[in-house]
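These are my notes on the side-chain interactions in the model. They cover charged residues, aromatic pairs and charges placed over rings.

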Amino acid sequence: MIIDSVLKRIIKKGSLVVIDSSGKKYEYGKKEESSLTMILNSKLIDFKIFVRPRLYLGEAYMNGEISIKNGDIYDLLSIFQMNIEARPSHWVEKINNFFAYTVRTFNYFNTIGRSRKNVAHHYDISKELYNLFLDDDWQYSCGYFNSPEDSLEKAQSQKKSHIIKKLRLKENQKILDIGSGWGGLGIEIAKSYSADVLGITLSKEQRDFSNIRVKQSGSNFPVRFELKDYRDVNEEFDRIVSVGMFEHVGPIYYKTFFKKISDLLKNDGLALLHTIGRSDTPGSPNPWVNKYIFPGGYTPSLSEIMPAIESSGLRVRDIEVLTLHYAKTLKEWRKRFLNNRSKAKKIYDERFCKMWEFYLAACQSSFEYAGSVVFQIQLAKTNSPVPQTRDYIYK
(Lines give C-alpha, C1' and ligand atoms only; values in the text may rest on other atoms or scores of the structure.)
Protein backbone atom coordinates (compact mmCIF):
# COMPACT_ATOMS: atom_id res chain seq x y z
CA MET A 1 0.00 0.00 0.00
CA ILE A 2 1.72 3.13 -1.25
CA ILE A 3 0.33 5.44 1.44
CA ASP A 4 1.71 3.21 4.22
CA SER A 5 5.05 5.05 4.41
CA VAL A 6 3.28 8.43 4.60
CA LEU A 7 0.86 7.37 7.32
CA LYS A 8 3.66 5.81 9.38
CA ARG A 9 5.48 9.12 9.39
CA ILE A 10 2.41 11.29 10.00
CA ILE A 11 0.06 9.48 12.41
CA LYS A 12 1.43 9.87 15.93
CA LYS A 13 -1.66 11.13 17.76
CA GLY A 14 -4.75 8.94 18.05
CA SER A 15 -5.24 5.52 16.51
CA LEU A 16 -5.93 4.57 12.89
CA VAL A 17 -6.30 1.25 11.10
CA VAL A 18 -6.31 0.99 7.30
CA ILE A 19 -7.45 -2.14 5.48
CA ASP A 20 -6.45 -2.24 1.84
CA SER A 21 -8.45 -3.74 -1.03
CA SER A 22 -6.82 -7.16 -0.53
CA GLY A 23 -7.79 -7.24 3.15
CA LYS A 24 -4.34 -6.51 4.57
CA LYS A 25 -4.40 -4.55 7.82
CA TYR A 26 -2.11 -1.60 8.68
CA GLU A 27 -2.02 0.09 12.11
CA TYR A 28 -0.88 3.61 12.96
CA GLY A 29 -0.50 5.59 16.17
CA LYS A 30 -1.62 4.04 19.45
CA LYS A 31 -3.03 0.54 19.25
CA GLU A 32 -6.60 0.28 20.51
CA GLU A 33 -9.24 -2.45 20.46
CA SER A 34 -11.74 -0.33 18.51
CA SER A 35 -9.54 1.92 16.41
CA LEU A 36 -10.96 4.21 13.76
CA THR A 37 -10.77 2.13 10.58
CA MET A 38 -10.59 3.23 6.94
CA ILE A 39 -11.32 0.47 4.42
CA LEU A 40 -10.07 0.90 0.86
CA ASN A 41 -12.60 -0.60 -1.54
CA SER A 42 -10.61 0.06 -4.71
CA LYS A 43 -7.16 -1.11 -5.80
CA LEU A 44 -6.12 2.28 -7.15
CA ILE A 45 -7.57 4.56 -4.49
CA ASP A 46 -4.52 4.46 -2.19
CA PHE A 47 -2.34 5.61 -5.10
CA LYS A 48 -4.77 8.44 -5.97
CA ILE A 49 -4.89 9.59 -2.34
CA PHE A 50 -1.08 9.44 -2.20
CA VAL A 51 -0.74 11.60 -5.31
CA ARG A 52 -3.41 14.20 -4.49
CA PRO A 53 -4.99 13.65 -1.06
CA ARG A 54 -6.85 16.95 -0.80
CA LEU A 55 -8.90 16.11 -3.89
CA TYR A 56 -9.15 12.33 -4.03
CA LEU A 57 -9.95 11.58 -0.37
CA GLY A 58 -13.21 13.51 -0.67
CA GLU A 59 -14.03 11.96 -4.03
CA ALA A 60 -13.29 8.48 -2.68
CA TYR A 61 -15.72 9.04 0.18
CA MET A 62 -18.41 10.35 -2.16
CA ASN A 63 -17.98 7.42 -4.57
CA GLY A 64 -17.87 4.68 -1.95
CA GLU A 65 -14.22 3.86 -2.66
CA ILE A 66 -13.50 4.14 1.05
CA SER A 67 -15.68 3.24 4.01
CA ILE A 68 -15.23 3.92 7.71
CA LYS A 69 -15.80 1.84 10.83
CA ASN A 70 -15.68 2.81 14.53
CA GLY A 71 -16.24 6.43 13.59
CA ASP A 72 -17.31 8.66 10.72
CA ILE A 73 -15.78 10.95 8.12
CA TYR A 74 -15.35 13.74 10.66
CA ASP A 75 -13.27 11.44 12.89
CA LEU A 76 -11.10 10.43 9.94
CA LEU A 77 -10.50 14.00 8.79
CA SER A 78 -9.79 15.12 12.36
CA ILE A 79 -7.10 12.51 12.94
CA PHE A 80 -5.46 13.54 9.66
CA GLN A 81 -5.70 17.26 10.46
CA MET A 82 -4.38 17.06 14.02
CA ASN A 83 -1.38 15.03 12.88
CA ILE A 84 -0.63 16.88 9.65
CA GLU A 85 -0.59 20.25 11.38
CA ALA A 86 2.06 18.98 13.78
CA ARG A 87 4.35 17.59 11.09
CA PRO A 88 6.16 18.87 7.97
CA SER A 89 4.40 18.24 4.68
CA HIS A 90 5.28 15.14 2.70
CA TRP A 91 7.23 15.84 -0.50
CA VAL A 92 4.24 14.92 -2.68
CA GLU A 93 2.03 17.38 -0.81
CA LYS A 94 4.72 20.07 -1.13
CA ILE A 95 4.74 19.57 -4.91
CA ASN A 96 0.93 19.70 -5.03
CA ASN A 97 0.86 22.90 -2.97
CA PHE A 98 3.59 24.53 -5.07
CA PHE A 99 1.76 23.98 -8.34
CA ALA A 100 -1.62 24.87 -6.83
CA TYR A 101 -0.22 28.14 -5.46
CA THR A 102 1.56 28.92 -8.73
CA VAL A 103 -1.54 28.54 -10.91
CA ARG A 104 -4.09 29.79 -8.37
CA THR A 105 -4.46 33.14 -10.13
CA PHE A 106 -6.12 31.39 -13.06
CA ASN A 107 -8.78 30.01 -10.72
CA TYR A 108 -9.81 33.46 -9.53
CA PHE A 109 -10.78 35.42 -12.60
CA ASN A 110 -14.06 36.13 -10.86
CA THR A 111 -15.60 38.44 -13.41
CA ILE A 112 -19.22 39.44 -12.86
CA GLY A 113 -20.46 36.66 -15.14
CA ARG A 114 -18.22 34.01 -13.64
CA SER A 115 -19.07 35.15 -10.11
CA ARG A 116 -22.78 34.68 -10.83
CA LYS A 117 -22.11 31.16 -12.08
CA ASN A 118 -19.93 30.30 -9.07
CA VAL A 119 -22.50 31.56 -6.57
CA ALA A 120 -25.33 29.72 -8.33
CA HIS A 121 -23.37 26.47 -8.01
CA HIS A 122 -23.63 26.60 -4.21
CA TYR A 123 -26.61 28.77 -3.32
CA ASP A 124 -29.10 28.20 -6.12
CA ILE A 125 -29.70 24.61 -5.17
CA SER A 126 -32.83 23.61 -3.29
CA LYS A 127 -33.35 26.01 -0.41
CA GLU A 128 -35.03 23.11 1.41
CA LEU A 129 -31.54 21.67 1.89
CA TYR A 130 -30.49 24.73 3.90
CA ASN A 131 -33.67 24.50 5.94
CA LEU A 132 -32.47 21.08 7.16
CA PHE A 133 -29.47 22.40 9.08
CA LEU A 134 -29.52 26.20 9.46
CA ASP A 135 -31.05 28.08 12.40
CA ASP A 136 -34.51 29.63 12.32
CA ASP A 137 -33.14 32.85 10.78
CA TRP A 138 -31.21 31.02 8.05
CA GLN A 139 -27.84 32.49 9.05
CA TYR A 140 -25.23 30.78 6.85
CA SER A 141 -22.08 32.11 8.50
CA CYS A 142 -20.16 31.83 11.76
CA GLY A 143 -22.20 32.18 14.95
CA TYR A 144 -20.93 34.00 18.06
CA PHE A 145 -20.87 31.80 21.16
CA ASN A 146 -20.74 33.71 24.42
CA SER A 147 -20.95 30.33 26.17
CA PRO A 148 -20.33 26.72 25.04
CA GLU A 149 -23.91 25.99 26.09
CA ASP A 150 -25.41 28.52 23.67
CA SER A 151 -27.81 27.08 21.11
CA LEU A 152 -27.20 27.69 17.41
CA GLU A 153 -30.16 30.09 17.36
CA LYS A 154 -28.72 32.08 20.26
CA ALA A 155 -25.22 32.12 18.76
CA GLN A 156 -26.52 33.44 15.43
CA SER A 157 -28.57 36.12 17.17
CA GLN A 158 -25.47 37.13 19.13
CA LYS A 159 -23.47 37.24 15.89
CA LYS A 160 -25.91 39.71 14.36
CA SER A 161 -25.86 41.81 17.54
CA HIS A 162 -22.05 41.80 17.61
CA ILE A 163 -21.89 43.01 14.01
CA ILE A 164 -24.60 45.64 14.50
CA LYS A 165 -22.74 47.09 17.50
CA LYS A 166 -19.56 47.37 15.46
CA LEU A 167 -21.46 49.22 12.74
CA ARG A 168 -22.45 51.96 15.23
CA LEU A 169 -25.86 52.29 13.57
CA LYS A 170 -28.11 55.33 13.91
CA GLU A 171 -31.74 55.83 12.97
CA ASN A 172 -32.68 56.30 9.30
CA GLN A 173 -29.26 55.58 7.87
CA LYS A 174 -28.65 54.11 4.43
CA ILE A 175 -27.09 50.63 4.61
CA LEU A 176 -25.54 48.33 2.00
CA ASP A 177 -25.33 44.60 2.75
CA ILE A 178 -22.93 42.96 0.28
CA GLY A 179 -23.69 39.26 0.00
CA SER A 180 -26.94 39.52 1.93
CA GLY A 181 -27.52 35.77 2.24
CA TRP A 182 -31.04 34.75 3.21
CA GLY A 183 -31.87 38.25 4.42
CA GLY A 184 -31.79 37.92 8.19
CA LEU A 185 -29.18 40.57 8.99
CA GLY A 186 -30.54 43.19 6.58
CA ILE A 187 -34.11 42.73 7.84
CA GLU A 188 -33.04 43.03 11.47
CA ILE A 189 -31.07 46.23 10.78
CA ALA A 190 -34.01 47.76 8.93
CA LYS A 191 -36.51 46.86 11.66
CA SER A 192 -34.33 47.94 14.58
CA TYR A 193 -33.05 51.23 13.15
CA SER A 194 -35.66 52.25 10.56
CA ALA A 195 -32.77 51.97 8.13
CA ASP A 196 -32.95 52.07 4.35
CA VAL A 197 -31.27 48.74 3.60
CA LEU A 198 -30.14 47.46 0.22
CA GLY A 199 -29.07 43.83 0.26
CA ILE A 200 -27.28 42.52 -2.83
CA THR A 201 -26.55 38.92 -3.77
CA LEU A 202 -25.71 36.93 -6.89
CA SER A 203 -28.03 34.11 -5.84
CA LYS A 204 -31.53 34.24 -7.31
CA GLU A 205 -32.76 31.81 -4.63
CA GLN A 206 -31.45 34.06 -1.84
CA ARG A 207 -32.80 37.24 -3.46
CA ASP A 208 -36.29 35.77 -3.91
CA PHE A 209 -36.41 34.18 -0.46
CA SER A 210 -35.22 37.37 1.26
CA ASN A 211 -37.88 39.50 -0.45
CA ILE A 212 -40.55 36.95 0.49
CA ARG A 213 -39.43 37.27 4.11
CA VAL A 214 -39.84 41.03 3.91
CA LYS A 215 -43.41 40.67 2.63
CA GLN A 216 -44.29 38.00 5.18
CA SER A 217 -43.12 40.21 8.03
CA GLY A 218 -45.94 42.65 7.28
CA SER A 219 -43.73 45.59 8.16
CA ASN A 220 -43.25 48.78 6.19
CA PHE A 221 -39.57 49.25 6.94
CA PRO A 222 -37.48 50.14 3.85
CA VAL A 223 -35.46 47.04 2.97
CA ARG A 224 -35.01 45.42 -0.42
CA PHE A 225 -32.85 42.69 -1.88
CA GLU A 226 -31.52 42.78 -5.43
CA LEU A 227 -29.63 40.46 -7.75
CA LYS A 228 -26.55 42.61 -8.23
CA ASP A 229 -22.76 42.43 -8.16
CA TYR A 230 -20.96 44.80 -5.77
CA ARG A 231 -19.14 46.29 -8.77
CA ASP A 232 -22.46 47.48 -10.20
CA VAL A 233 -23.53 49.53 -7.17
CA ASN A 234 -23.16 53.31 -7.54
CA GLU A 235 -24.91 54.90 -4.54
CA GLU A 236 -23.48 56.33 -1.32
CA PHE A 237 -24.08 54.66 2.03
CA ASP A 238 -23.67 55.50 5.71
CA ARG A 239 -22.79 51.92 6.56
CA ILE A 240 -21.59 48.91 4.55
CA VAL A 241 -21.52 45.35 5.87
CA SER A 242 -20.39 42.15 4.21
CA VAL A 243 -20.70 38.79 5.97
CA GLY A 244 -19.40 35.58 4.41
CA MET A 245 -19.12 37.00 0.89
CA PHE A 246 -15.46 38.02 0.68
CA GLU A 247 -14.43 34.36 0.32
CA HIS A 248 -15.95 34.52 -3.19
CA VAL A 249 -14.12 37.67 -4.33
CA GLY A 250 -10.78 36.13 -5.32
CA PRO A 251 -7.31 37.56 -4.51
CA ILE A 252 -6.86 39.40 -7.82
CA TYR A 253 -10.02 41.42 -7.07
CA TYR A 254 -9.23 42.44 -3.48
CA LYS A 255 -8.11 45.93 -4.52
CA THR A 256 -11.25 46.30 -6.65
CA PHE A 257 -13.44 45.23 -3.73
CA PHE A 258 -12.02 47.63 -1.14
CA LYS A 259 -11.75 50.51 -3.61
CA LYS A 260 -15.46 50.03 -4.34
CA ILE A 261 -16.29 50.10 -0.63
CA SER A 262 -14.26 53.29 -0.31
CA ASP A 263 -16.13 54.87 -3.24
CA LEU A 264 -19.55 53.88 -1.87
CA LEU A 265 -18.91 54.83 1.77
CA LYS A 266 -19.66 58.36 2.96
CA ASN A 267 -16.79 60.28 4.52
CA ASP A 268 -18.17 59.75 8.02
CA GLY A 269 -19.29 56.20 7.24
CA LEU A 270 -18.30 52.86 8.68
CA ALA A 271 -17.91 49.39 7.13
CA LEU A 272 -17.49 45.92 8.55
CA LEU A 273 -16.06 42.88 6.76
CA HIS A 274 -16.69 39.41 8.22
CA THR A 275 -14.77 36.69 6.39
CA ILE A 276 -13.20 33.28 6.83
CA GLY A 277 -9.43 33.51 6.76
CA ARG A 278 -6.14 31.77 7.43
CA SER A 279 -4.13 32.33 10.58
CA ASP A 280 -0.92 31.38 8.79
CA THR A 281 0.74 32.44 5.54
CA PRO A 282 -1.02 32.57 2.15
CA GLY A 283 -1.75 29.16 0.68
CA SER A 284 -3.35 27.34 -2.17
CA PRO A 285 -7.06 26.62 -2.57
CA ASN A 286 -8.48 23.27 -1.54
CA PRO A 287 -9.11 21.47 -4.86
CA TRP A 288 -12.03 19.38 -3.57
CA VAL A 289 -13.80 22.41 -2.09
CA ASN A 290 -13.21 24.42 -5.27
CA LYS A 291 -14.55 21.62 -7.46
CA TYR A 292 -17.63 20.56 -5.50
CA ILE A 293 -18.59 23.30 -3.03
CA PHE A 294 -17.25 26.81 -3.70
CA PRO A 295 -15.82 27.22 -7.22
CA GLY A 296 -13.72 30.36 -7.33
CA GLY A 297 -13.62 30.52 -3.52
CA TYR A 298 -10.53 31.28 -1.44
CA THR A 299 -9.82 31.97 2.23
CA PRO A 300 -7.12 34.63 2.59
CA SER A 301 -4.47 35.33 5.16
CA LEU A 302 -4.50 38.74 6.80
CA SER A 303 -1.32 39.64 4.89
CA GLU A 304 -3.25 39.26 1.62
CA ILE A 305 -6.11 41.49 2.74
CA MET A 306 -4.21 44.40 4.29
CA PRO A 307 -2.33 45.70 1.20
CA ALA A 308 -5.64 46.01 -0.68
CA ILE A 309 -7.18 47.97 2.19
CA GLU A 310 -4.15 50.22 2.53
CA SER A 311 -4.32 51.25 -1.12
CA SER A 312 -8.07 51.90 -1.07
CA GLY A 313 -8.31 55.08 1.00
CA LEU A 314 -9.86 53.18 3.92
CA ARG A 315 -8.47 53.00 7.45
CA VAL A 316 -8.57 49.90 9.60
CA ARG A 317 -10.24 50.81 12.87
CA ASP A 318 -10.38 47.36 14.46
CA ILE A 319 -9.58 43.71 13.70
CA GLU A 320 -11.03 40.85 15.72
CA VAL A 321 -10.12 37.21 15.14
CA LEU A 322 -12.78 34.63 15.98
CA THR A 323 -11.23 31.20 16.42
CA LEU A 324 -13.42 28.29 17.51
CA HIS A 325 -16.78 30.00 17.00
CA TYR A 326 -17.07 28.58 13.48
CA ALA A 327 -16.04 25.10 14.62
CA LYS A 328 -18.98 25.14 17.05
CA THR A 329 -21.28 26.45 14.33
CA LEU A 330 -20.23 23.75 11.88
CA LYS A 331 -20.57 21.07 14.53
CA GLU A 332 -24.19 22.07 15.04
CA TRP A 333 -24.85 22.27 11.28
CA ARG A 334 -23.36 18.81 10.79
CA LYS A 335 -25.42 17.38 13.66
CA ARG A 336 -28.63 18.83 12.24
CA PHE A 337 -27.81 17.68 8.72
CA LEU A 338 -27.15 14.12 9.88
CA ASN A 339 -30.42 14.13 11.83
CA ASN A 340 -32.19 15.11 8.60
CA ARG A 341 -30.06 13.05 6.24
CA SER A 342 -32.97 10.95 4.99
CA LYS A 343 -34.80 14.12 3.97
CA ALA A 344 -31.71 15.40 2.14
CA LYS A 345 -31.46 12.09 0.29
CA LYS A 346 -35.03 12.52 -0.94
CA ILE A 347 -34.10 15.94 -2.35
CA TYR A 348 -30.86 14.71 -3.97
CA ASP A 349 -29.17 11.30 -3.64
CA GLU A 350 -26.68 9.33 -1.54
CA ARG A 351 -23.63 10.73 -3.32
CA PHE A 352 -24.79 14.30 -2.66
CA CYS A 353 -25.37 13.49 1.02
CA LYS A 354 -21.84 12.12 1.31
CA MET A 355 -20.50 15.22 -0.42
CA TRP A 356 -22.32 17.49 2.03
CA GLU A 357 -21.18 15.40 5.01
CA PHE A 358 -17.59 15.65 3.83
CA TYR A 359 -17.91 19.41 3.31
CA LEU A 360 -19.25 20.10 6.81
CA ALA A 361 -16.83 17.66 8.47
CA ALA A 362 -13.79 19.00 6.59
CA CYS A 363 -14.65 22.59 7.48
CA GLN A 364 -15.23 21.77 11.14
CA SER A 365 -11.92 19.93 11.48
CA SER A 366 -10.14 22.75 9.64
CA PHE A 367 -11.33 25.30 12.21
CA GLU A 368 -10.44 22.97 15.05
CA TYR A 369 -6.98 21.88 13.91
CA ALA A 370 -5.79 23.61 10.74
CA GLY A 371 -5.77 27.28 11.68
CA SER A 372 -8.91 28.48 9.90
CA VAL A 373 -10.39 31.54 11.60
CA VAL A 374 -12.85 34.37 11.01
CA PHE A 375 -11.68 37.97 10.61
CA GLN A 376 -13.94 40.89 11.47
CA ILE A 377 -12.34 44.03 10.05
CA GLN A 378 -13.84 47.43 10.83
CA LEU A 379 -13.14 50.13 8.24
CA ALA A 380 -13.64 53.88 7.97
CA LYS A 381 -12.26 56.88 6.10
CA THR A 382 -11.41 58.81 9.26
CA ASN A 383 -10.74 58.07 12.92
CA SER A 384 -13.95 59.68 14.19
CA PRO A 385 -16.70 57.03 13.66
CA VAL A 386 -15.32 54.61 16.27
CA PRO A 387 -14.64 55.07 20.02
CA GLN A 388 -11.12 54.59 21.32
CA THR A 389 -11.97 51.40 23.24
CA ARG A 390 -14.09 48.32 22.57
CA ASP A 391 -16.31 48.97 25.59
CA TYR A 392 -19.22 49.98 23.34
CA ILE A 393 -19.32 46.46 21.87
CA TYR A 394 -19.64 44.61 25.15
CA LYS A 395 -21.98 46.87 27.11
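1. Aromatic pair at Phe257 and Phe258. The model is a predicted one. Phe257 is buried, its relative accessible area being 0%. Phe258 is likewise counted as buried, at 0% relative accessibility. Their rings make an edge-to-face pair, with 5.2 Å between centres and 85° between the planes.

2. Aromatic pairs in general. Searching the whole structure gives 25 aromatic pairs. One of them joins Trp182 and Phe209 in an edge-to-face arrangement, at 5.6 Å centre to centre and with 85° between the planes. This pair connects distant parts of the chain, 27 residues apart: Trp182 is in the loop between β5 (174-178) and α10 (184-193), while Phe209 belongs to helix α11 (residues 204-217). Both Trp182 and Phe209 are buried.

3. Asp46. This residue is part of helix α2, which covers residues 45-51. Which side chain of opposite charge is nearest to Asp46? That side chain is Lys48, but it is 10 Å away, and the buried Asp46 has no salt bridge. Since a salt bridge needs a side-chain nitrogen of Lys or Arg within 4 Å of a carboxyl oxygen, the distance of 10 Å to Lys48 does not qualify. A polar atom of the Asp46 side chain does lie 3.0 Å from the backbone nitrogen of Ile2. With neighbours within four places in sequence set aside, the contacts of Asp46 are Met1, Ile2, Ile3 and Leu40.

4. Salt bridge Glu320 to Lys166. The whole structure contains 25 salt bridges. Among them is that of Glu320 with Lys166, whose closest N and O atoms are 2.5 Å apart. Glu320 is in strand β10 (residues 315-322) and Lys166 is in helix α9 (residues 152-167), so this bridge ties together parts that are 154 residues apart in sequence. Are the two partners buried or exposed? Glu320 is buried, at a relative accessible area of 10%. Lys166 is buried as well, at 1%.

5. Salt bridge Glu357 to Arg341. The side chains of these residues meet at 2.4 Å, N to O. Arg341 belongs to helix α16 (residues 341-347) and Glu357 to helix α17 (residues 350-369), so the bridge ties together parts 16 residues apart in sequence. Glu357 and Arg341 are both buried.

6. Salt bridge Glu235 to Arg224. Here the closest N and O atoms are 3.9 Å apart. The cut-off for a salt bridge is 4 Å. The pair links distant parts of the chain, 11 residues apart, with Arg224 in strand β7 and Glu235 in the loop between β7 (223-227) and β8 (237-243). Glu235 is partly exposed, with a relative accessible area of 26%, and Arg224 is partly exposed at 30%.

7. Network. Glu235 and Arg224 also belong to a network of salt bridges. Which other residues are linked in this network? They are Lys174, Asp196, Glu226 and Lys228.

8. Charges over rings. Arg168 has its charged end over the ring of Tyr392, at 4.8 Å from the ring centre. In the case of Lys354, the charged end sits over the ring of Tyr61, 5.4 Å from its centre.

Conventions
Residues are numbered from 1 along each chain as its sequence is written. This is a predicted model: local features need pLDDT of at least 70, side-chain atom pairs count only at pLDDT 80 or more; totals for chains, interfaces and linings use all residues. Side-chain values use heavy atoms; hydrogens and water are left out. Helices (H or I, at least four residues) and strands (E, at least two) are DSSP runs, numbered from the N terminus. Buried means under 20% relative accessible area, exposed over 50%, partly exposed in between (1.4 Å probe, protein chains only). Lys and Arg count as positive and Asp and Glu as negative; His and the chain ends are not counted. A polar contact is a pair of N or O atoms within 3.5 Å; within protein, one must be able to donate a hydrogen and the other to accept it, and residues adjacent in sequence count only if both atoms are side-chain atoms. Contact means heavy atoms within 4.5 Å. Rings of Phe, Tyr and Trp (its six-membered ring) pair if their centres lie within 6.5 Å; planes under 30 degrees apart count as stacked, over 60 as edge-to-face and the rest as tilted. A charge sits over a ring if NZ of Lys or CZ of Arg is within 6 Å of the ring centre and within 35 degrees of the ring normal.
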